[in-house]
Amino acid sequence: MKVEPLRELPMGFGMALFENDKAAQHFSNMTAVERQAVLQQVREVGSKNEMRALVQRIGDDADE
């Protein structure tokens, strides 16, 4: 499975993932379709706090 390199991710999202290992691992294990859905959500984020909350949810979803 080819995971998008961090340099291809939006900068704020990549930085937030870097700070949350669980979310980064979960994101890397997603299918391409799932990752694209997350990236669509990323494009709709309007603040740093919203980005952190989105990444936190990705990490929390890993537990499900």
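Is asparagine 20 buried or exposed? Keep that in mind, everyone, and we'll work it out together. Asparagine 20 sits in the loop between helix 1 and helix 2. Its relative accessible area is 15%, and the cut-off for buried is under 20%, so asparagine 20 is buried. What does asparagine 20 touch, if we set aside its neighbours within four places in sequence? The contacts are Val55 and Gln56.

Now let's step back to the whole chain. Please remember that this is a predicted model. The average pLDDT of the protein chain is 88, and 89% of the residues score at least 70. Confidence is lowest in helix 1, with a mean of 92, and highest in helix 4, with 95. As a general reading tip, where pLDDT is low, the predicted coordinates should not be read in detail.

How many helices and strands does the chain have? There are 4 helices and 0 strands, so if you read the elements from the N terminus, you get α-α-α-α. The chain has 64 residues, and 31% of them count as buried. Its accessible surface is about 4500 Å², with 53% of that belonging to carbon and sulfur atoms. Here is one for those who like contacts: among those with a separation of 6 or more, 64% are between residues 24 or more positions apart.

On to helix 1, which covers residues 11–18. Which of its residues are buried? They are Phe13, Gly14, Ala16 and Leu17. These residues cover an arc of only 165° around the axis, which puts them on the same side of helix 1. Turn to the other side of helix 1, and you find Met11 and Phe18 exposed. The buried residues of helix 1 pack against helix 2, helix 3 and helix 4.

Helix 2 comes next, at residues 21–29. Its buried residues are Ala23, Phe27 and Ser28. Viewed down the axis of helix 2, they fall within an arc of 130°, so they line one face of the helix. A bit of textbook background helps here: an α-helix has 3.6 residues a turn, so residues three or four places apart point the same way. And what covers the buried residues of helix 2? The cover includes helix 1, helix 3 (32–43) and helix 4 (48–61).

So how do these two helices meet? In general, two packed helices are described by the angle between their axes and the distance between the axes. For helix 1 and helix 2, the angle is about 115° and the axes are 6 Å apart. From helix 1, the residues in the contact are Phe13, Leu17 and Phe18, and they meet Asp21, Ala23, Ala24 and Phe27 of helix 2. Sorted by class, that contact has 6 nonpolar residues, no polar ones and 1 charged.

My last stop is isoleucine 58, which you will find in helix 4. Isoleucine 58 counts as buried, at 4% relative accessibility. Which residues does it touch, not counting those up to four places away in sequence? Phe13, Ala23, His26, Phe27, Met30 and Val38. Take valine 38 from that list: it lies 20 residues from isoleucine 58 along the chain, and their C-alpha atoms are separated by 8.7 Å.

That's my tour. Have a look at asparagine 20 in the structure above, buried in its loop, and then follow its contacts to Val55 and Gln56. Thanks for listening!

Methods:
Residues are numbered from 1 along each chain as its sequence is written. This is a predicted model: local features need pLDDT of at least 70, side-chain atom pairs count only at pLDDT 80 or more; totals for chains, interfaces and linings use all residues. Side-chain values use heavy atoms; hydrogens and water are left out. Axes are lines fitted to C-alpha atoms, for helices over the stretch in contact, and angles run from 0 to 180 degrees between N-to-C directions. Helices (H or I, at least four residues) and strands (E, at least two) are DSSP runs, numbered from the N terminus. Contact means heavy atoms within 4.5 Å. Ala, Val, Leu, Ile, Met, Phe, Trp, Tyr, Cys and Pro count as nonpolar, Asp, Glu, Lys and Arg as charged, and the others, Gly among them, as polar. Buried means under 20% relative accessible area, exposed over 50%, partly exposed in between (1.4 Å probe, protein chains only). The arc is that of the directions from the helix axis to the C-beta atoms. pLDDT is the predictor's confidence in each residue, from 0 to 100. Accessible areas come from the Shrake-Rupley method with a 1.4 Å probe; for residues, only the protein chains shown count as cover.
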